[in-house]
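Hi,

Here is the structure I said I would pass on. Have a look at it first, and then read my notes below.

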Amino acid sequence: MADTPIQKVELKKSCVNCGAELKYKPGTTSITCEYCGHEEQITIDPNGFEELELYPYLSEMGGQSHSEEITMLHCKNCGANQHVEEHYKSLHCVYCSMPLILEDAYKEDWILPGAVLPFQIDQKKSFQIFQKWVSNLWWAPNNLKKASLDPQYTKGLYLPFWTFDAQLKASYTGQRGEYYYEIQTYRDGNGKTRTRQVQKTRWYPASGRISGFIDDTLIKASKQKSGRIPQKITRWNLSKLQPFSSSFLSGFVTEKYTIPLQQGHLQSKEEARRIADRWSRRDIGGDTQRITSINMDLSEETFKHILLPVYVSSYRYNGKEYNFFVNGENGVLSGNRPYSFWKIFFAVLTGLIVLGIIIVLAQSSSEGV
């Protein structure tokens, strides 16, 4: 189960006027009632984000003030594991829309989010983006276009990520390459003598030290089945991050991380090494560079668990599941799609008929001449 998404449905917040559910209003810092229009401002921590010291959390859960126990349920259709507050009697899976049954629940600790990038576009806007995309699909089955008109198929989901900060220091050895050009004589295909410039490189030994601050290395914190979340939509403006408040999650589903902090940290160290390589090449200068060795040290390492927004729409066609995704901050869309066999079949058949008619007409014309 550890390799499948775990989703948390935020506890409902009730309107003081009519008792209806208050939901976060995308693009604002308020939660509103869709029935009576009552609005409440979200209290944002004036101290901003809290960066957590990394190593206490690598050995154990760390400061208990930043962790809690949650309950998960397993989707028997697609394998996703979802956290549901106890007062819910039923729920549909955010990925495949199949009903979930409150049974076989189990408990697990998680590190509380430190920051959230709230949805900047609402469901209606994401829907319009999805509809426009579907309307432009060639050979899409009619049922797909019908499904795209129903908002129940589109759900807002917060995805978990780790971010890592660190002071980087490194020493390197390598070579600096400087280009120069020589005139080369050659014969072309006709046997004529010609000249051309040929680029060559002079190499000089290089070594040095680099240092700097690595800010917010972003590491995916959940393993989606079959790589569900496309790379195309995974770019967010992290300057819009807000200190975590559960009110931003009202009306949305939150996926729990399934990639543990230890594994996320290892991936961040790989990214830090790539950064050290870039910094070393920049320090060496010249036209090109070779890196022989890098001795890297990271210190003052901290991390955050953050949540980033995406809209998910699922659809089944001929027994196969398809997912479509819209970035909840910038509206970028990506997804896979089914093809209508019959539309393609009849299109090919029509093309063959038209081709046959053209051939017959051409033959008749030539016989008439």
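**What I found**

Among contacts in the protein between residues at least 6 apart in sequence, 74% join residues at least 24 apart. Keep in mind as you read that this is a predicted model.

Some overall numbers to get you started. The protein has 369 residues, and 43% of them count as buried. Five helices and 19 strands make up its list of elements. The accessible surface is about 20,300 Å², with 50% of that belonging to carbon and sulfur atoms.

Now for one helix, α4, which runs over residues 261-284. Its length checks out: at 1.5 Å a residue, 24 residues should span 34 Å, and the end C-alpha atoms are indeed 34 Å apart, so the two agree. Which residues of α4 are buried? They are L261, G264, H265, S268, A272, I275, A276, W279, S280 and I284. Straight after α4 comes G285, and the phi of G285 is positive, near 75°.

Next, scroll to D188, which sits in the loop between β13 (154-187) and β14 (193-220). Is D188 buried or exposed? Its relative accessibility is 19%, and the cut-off for buried is under 20%, so D188 counts as buried. The side chain of D188 also has backbone partners in view: a polar atom of that side chain lies 2.9 Å from the backbone nitrogen of N190, and the backbone nitrogen of K192 likewise lies 2.9 Å from a polar atom of the D188 side chain.

Last, the cysteines. A disulfide is a covalent bond between the sulfur atoms of two cysteines. How many does a search of the whole structure find? Zero. C18, for one, is in no disulfide, and the nearest cysteine sulfur to it, that of C33, is 3.5 Å away. To be called a disulfide, the two sulfur atoms would have to be within 2.5 Å. C36 tells a similar story: the closest cysteine sulfur, in C15, is 3.5 Å from the sulfur of C36, which is too far for a bond. As for the surroundings of these two, C18 has a relative accessible area of 42%, so it is partly exposed, and C36, at 40% relative accessibility, counts as partly exposed too.

That's what I have for now. Happy browsing!

Definitions and conventions:
Residues are numbered from 1 along each chain as its sequence is written. This is a predicted model: local features need pLDDT of at least 70, side-chain atom pairs count only at pLDDT 80 or more; totals for chains, interfaces and linings use all residues. Side-chain values use heavy atoms; hydrogens and water are left out. Helices (H or I, at least four residues) and strands (E, at least two) are DSSP runs, numbered from the N terminus. The expected span of a helix is 1.5 Å times one less than its number of residues. Buried means under 20% relative accessible area, exposed over 50%, partly exposed in between (1.4 Å probe, protein chains only). A polar contact is a pair of N or O atoms within 3.5 Å; within protein, one must be able to donate a hydrogen and the other to accept it, and residues adjacent in sequence count only if both atoms are side-chain atoms. Contact means heavy atoms within 4.5 Å. Accessible areas come from the Shrake-Rupley method with a 1.4 Å probe; for residues, only the protein chains shown count as cover.
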